[in-house]
Amino acid sequence: MVGPAAAGSSSSGSIDGYTPGECLTNAVGSHDFVDVAPSRFYSNAVGWAALNEITNGTSPTTFAPGQAVTRVQFAAFLSRYDNLTN
């Protein structure tokens, strides 16, 4: 995987859009994002995150998996996940 894990963690680094979904689950899910091919290793995690309203993507049909995620976006992902599990 390319991202901060490969280069070492950094509070000033960035992570790709697929990383939060991959970190939170490997559960099966489907999605309508045209930029996340079903063959991608993170496709099921993205589908799960969308199904559980952890993410809405960058539009109704795009997820932008290569786009950097801001700290605010990542905090929102974690907060929504926490609300889901509690």
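Buried here means under 20% relative accessible area, exposed over 50%, and partly exposed in between, with a 1.4 Å probe and protein chains only. This is a predicted model, in which local features need pLDDT of at least 70 and side-chain atom pairs count only at pLDDT 80 or more, while totals for chains, interfaces and linings use all residues. Residues are numbered from 1 along each chain as its sequence is written, and side-chain values use heavy atoms, with hydrogens and water left out.

**View 1. The whole protein has four helices and two strands.** Helices (H or I, at least four residues) and strands (E, at least two) are DSSP runs, numbered from the N terminus. Reading from that end, the order is α-β-α-α-β-α. Of the 86 residues in the protein, 33% are buried. The protein exposes about 5300 Å², and carbon and sulfur atoms supply 53% of that area; the areas come from the Shrake-Rupley method with a 1.4 Å probe, and for residues only the protein chains shown count as cover. A contact means heavy atoms within 4.5 Å. Take the contacts with a separation of 6 or more: 55% of them come from residues 24 or more positions apart.

**View 2. Confidence varies along the chain, with a pLDDT below 50 over residues 1-8.** pLDDT is the predictor's confidence in each residue, from 0 to 100. The protein averages 79, and 66% of the residues score at least 70. Over residues 1-8, where the pLDDT is below 50, the model still has nine contacts beyond near neighbours in sequence. Where pLDDT is low, the predicted coordinates should not be read in detail.

**View 3. Helix α3 has a set of buried residues, among them Trp48.** The helix covers residues 43-51. Along with Trp48, the buried residues in α3 are Ser43, Ala45, Val46, Gly47 and Ala49. Just after the helix comes Glu53, with a positive phi of about 60°.

**View 4. His31 sits in the loop between α2 (18-24) and α3.** With a relative accessible area of 19%, His31 is buried. Leaving aside residues up to four places away in sequence, His31 touches Val36, Ser43, Val46 and Gly47. The side chains of His31 and Ser43 are joined by a polar contact of 3.0 Å. A polar contact is a pair of N or O atoms within 3.5 Å; within protein, one must be able to donate a hydrogen and the other to accept it, and residues adjacent in sequence count only if both atoms are side-chain atoms. The His31 side chain also reaches the backbone nitrogen of Phe33, at 3.2 Å. Look for Ala50 too: His31 and Ala50 are 19 residues apart in sequence, and their C-alpha atoms are 6.8 Å apart.

**View 5. Phe33 and Phe63 form a tilted aromatic pair.** Rings of Phe, Tyr and Trp (its six-membered ring) pair if their centres lie within 6.5 Å; planes under 30 degrees apart count as stacked, over 60 as edge-to-face and the rest as tilted. That rule gives three aromatic pairs. In the pair shown, the ring centres of Phe33 and Phe63 are 5.5 Å apart and the planes are at 40°, so the pair is tilted. Phe33 lies in the loop between α2 and α3 and Phe63 in the loop between α3 and β2, so the pair ties together parts that are 30 residues apart in sequence. Phe33 is buried at 8% relative accessibility, and Phe63 is buried with a relative accessible area of 8%.

**View 6. Pro60 is an exposed residue that touches Asp32 and Phe33.** Pro60 belongs to the loop between α3 and β2, and its relative accessibility is 71%. Its C-alpha atom is 7.3 Å from that of Phe33, 27 residues apart along the chain. The two contacts of Pro60 named in the title leave out residues up to four places away in sequence.

**View 7. Thr55 is buried in the loop between α3 and β2.** The relative accessible area of Thr55 is 8%. Its side chain reaches the backbone nitrogen of Gly57 at 3.1 Å. Not counting residues up to four places away in sequence, Thr55 touches Ala49, Ala50, Phe63, Phe77 and Arg80.

**View 8. Glu53 and Ala64 each have a positive phi.** Most residues other than glycine have a negative phi. Glu53 has a phi of about 60°, and Ala64 has one near 60°. Glu53 is in the loop between α3 and β2 (68-69), and Ala64 is found in the loop between α3 and β2. Glu53 is exposed at 58% relative accessible area, whereas Ala64 is buried at 17%.
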